[in-house]
Number of protein chains: 2
Amino acid sequence: MSTPITTGKRAATRETILDHAYALACNGGLEGLSIGSLAADVGMSKSGVFAHFGSREELQLAVLDAGGQRFMATVLAPALKRPRGLPRLRAIVANWFDWGRQFQSGCVLLSSASEYDGRSGPLHDSVVAQMAGWRHELCKAIGQAVDEGHLRADTDAELLAFEIYALMLGLHHDGGLFGFDQAKRHAERAFERLWRSWQA
Amino acid sequence: MSTPITTGKRAATRETILDHAYALACNGGLEGLSIGSLAADVGMSKSGVFAHFGSREELQLAVLDAGGQRFMATVLAPALKRPRGLPRLRAIVANWFDWGRQFQSGCVLLSSASEYDGRSGPLHDSVVAQMAGWRHELCKAIGQAVDEGHLRADTDAELLAFEIYALMLGLHHDGGLFGFDQAKRHAERAFERLWRSWQA
DNA sequence: TGATAAATAGCACGATCGTTCGTTCTTTTC
DNA sequence: GAAAAGAACGAACGATCGTGCTATTTATCA
C-alpha cells in the first residue's frame with residue numbers, strides 16, 4: 001500500500017517511470033496515458049516499461065497511487081505540524097492552493113475523478129477510495145476545529161468539507177480555463193467568506 | 001453558430017449522429033469519442049459518419065456546440081420565464097440540478113473543461129468561449145438580482161458566480177463519485193447558506 | 001420514368017494501441 | 001572469472017485509430 005524504500009535497481013527505474021507517467025497524466029489524463037509515449041518520454045523501450053507493471057491498468061493504478069501519496073505529502077503532511085483547529089485547516093487550504101498552481105495543466109486525481117466517475121472497475125474503485133479518504137481527513141480537521149472552539153459547535157463537518165472541496169474544484173476549473181491568478185483571487189475571497197460563516 | 005432548422009435528410013442524420021455522439025461523449029469524454037465506435041452505435045459505416053464532419057476535431061466541436069445549446073435550452077431558457085432577480089437565479093440553479101441528475105455519468109461540457117484546459121487549439125478555445133459565455137449569463141442574472149434589491153447592493157457578481165459554479169462542480173463531482181442523492185443534499189444546503197450570505 | 005446529385009458503404013493506407021515472446025545486455029553470486 | 005538471475009530490448013501480433021478514395025445505393029427533380 002505504501003511506497004517501499006527498497007534501493008534496488010528495479011524499484012529505482014520504476015520510480016523514474018512513475019515520475020514521467022505522472023507528468024504525462026497531468027496533461028492528458030490517465031486515459032490519455034499510453035505506454036508508447038511514456039516509453040519514449042522515459043527513454044526506454046515499450047516492452048521495458050511494460051514489464052514493470054504487467055498491464056496498462058496496473059500502470060494507471062500505480063500512477064493514481066503515486067498521485068495520492070504526493071498529494072497527501074504536499075497538502076496534508078505539512079499542515080499536521082500546525083496547531084489543531086482553524087490554523088491547520090487554513091494551512092491545508094493554503095497547501096492545496098500551491099498544489100493547484102504547481103499542476104496548472106491539471107491534477108491527475110481531479111481529472112481521474114471525472115474520467116472514472118461513470119464507469120466501474122479497479123480504477124473507479126481506487127479513485128473513489130482516495131477521494132473518500134481525503135474527504136475523511138478534511139472532516140477530521142474540521143471536527144478538531146469545532147472541538148477547539150474555532151468553529152461553531154453545530155458545524156456540519158460533511159457540509160463544510162463539501163463546501164471546501166467545491167471551492168477548490170472552482171479554483172482548479174477557473175485556473176485551468178481563465179488563468180490561475182484571477183481564479184485564486186476569487187477562491188481566496190470565497191474562503192474568507194466561508195470561514196467567517198462557520199466561525200464561532 | 002445556431003442550429004439550422006433545415007429539414008433535409010443530411011441535417012436529420014447529422015442530428016441523429018450528434019445525439020449518439022453526445023451520449024457517448026457523456027461517458028467517455030470528447031477525447032474518448034472515436035468515429036468507429038460512434039458509427040457502430042449509430043448503425044452506419046465509419047466513412048458515412050466521417051463524411052458528415054470532415055474530421056474528428058470537427059465532430060468534437062459539433063458535439064461541444066450541441067452540448068452547449070442543450071445546456072442553455074435546459075438550464076437557462078426555462079429560467080428566463082421566471083421573474084428577474086433571485087427567483088430566476090434559483091430557477092437556474094434548480095434546472096442545473098436536474099441537468100446534473102440527467103447526466104449522472106458526466107456532463108460533456110464539464111469533462112471537456114478538464115480535458116482541454118491545459119492544451120491549445122480550437123477545442124480549447126471553444127470550451128473557454130462557452131464557459132465564459134455561461135459565466136457571463138450568470139453574472140447578468142446576479143446583477144439583475146442586485147438591481148431588484150434581492151441581493152446586497154455591494155454584491156460582487158463575479159465572486160458570487162464563482163461560488164455558484166463551484167457548488168455545482170461539487171455537486172457533479174460528489175454525485176458522480178458518491179451518489180447523486182447525498183451530493184444533492186449537501187449542495188442544496190450549501191446553496192441556501194450562499195443565498196442567505198448575499199441576501200439584502 | 002430517366003437523369004442527376006446527394007448520401008452512404010466498402011476498402012485500404014499508415015500509424016498507434018496494448019501485449020507477447022525470444023534475445024541480449026547487465027548485474028549479482030559463487 | 002564462470003554461472004545464474006534480472007532487466008531491458010526488438011520485433012511482431014491483432015486490433016483500432018483517423019482519413020482518404022472509389023463504388024454503390026438512395027433521394028431529388030425535370
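Modeller: Let's start with how copies get compared: they are superposed by least squares on the C-alpha atoms of residues with pLDDT of at least 70 in both. What we have here is a predicted model, where local features need pLDDT of at least 70 and side-chain atom pairs count only at pLDDT 80 or more, while totals for chains, interfaces and linings use all residues. Residues are numbered from 1 along each chain as its sequence is written, with chains lettered from A and ligands numbered from 1 in the order in which they are written.

Colleague: OK, so what turn and shift lay chain A on chain B?

Modeller: A turn of 180 degrees with a shift of 0.0 Å along the axis does it, and the RMSD is 0.0 Å. The two copies are therefore related as by a two-fold rotation axis.

Colleague: Which residue of chain A comes closest to the rotation axis?

Modeller: That's A:Ala166, whose C-alpha is 2.5 Å from the axis.

Colleague: And how many residues of each chain are in contact across the pair?

Modeller: Contact here means C-beta atoms, placed from the backbone, within 7 Å. By that test, 34 residues of chain A are in contact with 33 residues of chain B. Helices are DSSP runs (H or I, at least four residues), numbered from the N terminus. On the chain A side, α6 (108–116), α7 (122–147), α8 (157–178) and α9 (180–198) each supply at least two residues. The largest share comes from α8(A), with 13 residues. The copies meet through the same surface, because 97% of the interface residues of chain A are also interface residues in chain B.

Colleague: What does the secondary structure of chain A come to?

Modeller: Chain A has 9 helices and 0 strands. Its C-alpha atoms fill a box of roughly 60 × 35 × 30 Å along the principal axes. Among contacts in chain A with a separation of 6 or more, 60% join residues 24 or more positions apart.

Colleague: What share of chain A counts as buried?

Modeller: Count the other C-beta atoms within 10 Å of a residue's own: 20 or more is buried, 12 or fewer exposed, anything in between partly exposed. Of the 200 residues of chain A, 38% come out as buried.

Colleague: Take B:Asp147, then: buried or exposed?

Modeller: B:Asp147 counts as exposed, because the tally is 12 C-beta neighbours inside 10 Å. You'll find B:Asp147 in helix α7 (residues 122–147) of chain B. From B:Asp147 to B:Gly36 is 111 residues in sequence and 52 Å in space, C-alpha to C-alpha.

Colleague: And which residues have the most contacts inside the largest nonpolar core?

Modeller: A nonpolar core joins buried Ala, Val, Leu, Ile, Met, Phe, Trp, Tyr and Cys residues through C-beta atoms within 7 Å. The largest one has 108 residues, and A:Leu167 and B:Leu167 have the most contacts inside it. Leaving out residues up to four places away in sequence, B:Leu167 touches A:Ala166 from the other chain, plus B:Ala187, B:Ala190, B:Phe191 and B:Leu194.

Colleague: Last one: which residues come nearest to DNA strand C?

Modeller: Near means a C-beta within 6 Å of the strand. Around DNA strand C there are 19 residues, the nearest being A:Ser34, A:Gly36, B:Arg10, B:Ser47 and B:Gly48. Helices α2 (35–42) and α3 (46–50) of chain A, and α1 (9–28) and α3 (46–50) of chain B, each give that surface at least two residues. DNA strand D has 20 residues around it, with A:Arg10, A:Ser47, A:Gly48, B:Ser34 and B:Gly36 closest. For strand D, α1 (9–28) and α3 of chain A and α2 (35–42) and α3 of chain B each supply at least two.

Technical notes. Two residues are in contact if their C-beta atoms, placed from the backbone, lie within 7 Å.
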